[in-house]
Amino acid sequence: SLGFRPSVTLSGPLNTAVPDQVRSHLLAVLREALSNVARHSRAGSAAVSVAVDNPADRAGDPAVVLMVEDDGRGIAGATPGNGLPNMLARADALGGTCAVSPAERGGTRLIWRVPLH
């Protein structure tokens with residue numbers, strides 16, 4: 001439904017470090033984020049990255065981080081729906097965060113981060 005294949009980058013021990021409960025939320029958020037790109041952004045490309053971030057050099061718990069970025073029309077003037085509140089609620093339920101902002105080169109960037117503790 002995107003009309004193109006998004007680039008995908010995976011890093012870290014995703015298979016072993018991400019518990020099943022977190023994985024199910026992660027996949028639902030990814031589906032919603034890509035659905036939003038397809039329905040609202042008018043993007044020509046999108047990039048997805050999923051990583052286990054282990055901040056060994058700073059205080060904090062390891063986390064799984066999902067980033068979805070597109071080159072579409074951005075979030076200004078977007079029609080509110082249920083997608084973003086659902087993504088925020090999933091992050092909150094797991095003690096994490098979800099942020100949506102303009103991407104560096106236009107478009108939209110979603111960062112969903114949940115601690116792995």
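## Close-up views of a predicted model

**Figure 1. A glycine just past helix H3.** Right after H3, Gly95 adopts a positive phi of about 75 degrees. Like everything shown in these legends, this comes from a predicted model.

**Figure 2. The buried side of helix H3.** Here we look at Gly83, Met87 and Ala91, the buried residues of H3. Viewed down the axis of H3, these buried residues fall within an arc of 70 degrees, so they line one face of the helix. What lies over them? The cover for the buried residues of H3 includes H2, strand E4 (97–102) and E5. On the face of H3 turned away from its buried side, you will find the exposed residues Asp92 and Ala93.

**Figure 3. Ala91 and its partners.** Ala91 belongs to helix H3. Is Ala91 buried or exposed? With a relative accessible area of 1%, Ala91 is buried, because the cut-off for that label is under 20%. Setting aside neighbours within four places in sequence, the residues in contact with Ala91 are Gly96, Thr97, Cys98, Trp112 and Val114. One of these partners, Val114, is 23 residues from Ala91 in sequence, yet the two are 6.3 Å apart in space, C-alpha to C-alpha.

**Figure 4. The largest nonpolar core.** This core has 26 residues, and those touching the most other members are Val64, Leu66, Val68, Leu110 and Trp112. Which elements give two or more residues to it? They are helix H2 (20–41), strand E2 (46–53), strand E3 (63–70), helix H3 (83–93) and strand E5 (108–115). H2 gives the most to this core, with seven residues.

**Figure 5. Leu110 and what it touches.** Which residues is Leu110 in contact with, leaving aside its neighbours within four places in sequence? The list runs through Val29, Ala33, Leu66, Met67, Val68, Met87, Cys98, Ala99 and Val100. Met87 is also one of the buried residues of H3, while Leu66 and Val68 are, with Leu110, among the residues that touch the most other members of the core.

**Figure 6. The second largest pocket.** About 260 Å³ of space lies in this pocket. Its lining is made of 13 residues, and the closest to the pocket centre are Leu10, Leu14, Leu26, Leu27 and Val50. Strand E1 (7–11), helix H1 (14–17), H2 and E2 each contribute at least two residues to the lining. Of these, H2 gives the most, with five residues. How do the lining residues divide by type? The split is 11 nonpolar, one polar and one charged.

**Figure 7. Ser41, a buried residue of helix H2.** Ser41 is found in H2 and is buried, with a relative accessible area of 5%. Not counting residues up to four places away in sequence, Ser41 touches Asn36, Asp70, Gly72 and Arg73. A line drawn from Ser41 to Gly83 joins two residues 42 apart along the chain, with their C-alpha atoms separated by 14 Å.

**Figure 8. Arg42, in the loop between H2 and E2.** The loop between H2 and E2 holds Arg42. Although Arg42 is not a glycine, it has a positive phi of about 60 degrees. Arg42 is exposed, with a relative accessible area of 71%, whereas Ser41 is buried.

Terms used
Residues are numbered from 1 along each chain as its sequence is written. This is a predicted model: local features need pLDDT of at least 70, side-chain atom pairs count only at pLDDT 80 or more; totals for chains, interfaces and linings use all residues. Side-chain values use heavy atoms; hydrogens and water are left out. A nonpolar core is a set of buried Ala, Val, Leu, Ile, Met, Phe, Trp, Tyr and Cys residues joined through side-chain atoms within 4.5 Å. Buried means under 20% relative accessible area, exposed over 50%, partly exposed in between (1.4 Å probe, protein chains only). Helices (H or I, at least four residues) and strands (E, at least two) are DSSP runs, numbered from the N terminus. Contact means heavy atoms within 4.5 Å. On a 1 Å grid over the protein atoms alone, a cavity is a set of points where a 1.4 Å probe fits but cannot get out, and a pocket is an open set with protein on both sides within 12 Å along at least five of seven lines; lining residues have an atom within 4 Å of a point. Grid points are joined across faces, edges and corners, and a volume is the space filled by probe spheres set on the points. Ala, Val, Leu, Ile, Met, Phe, Trp, Tyr, Cys and Pro count as nonpolar, Asp, Glu, Lys and Arg as charged, and the others, Gly among them, as polar. The arc is that of the directions from the helix axis to the C-beta atoms.
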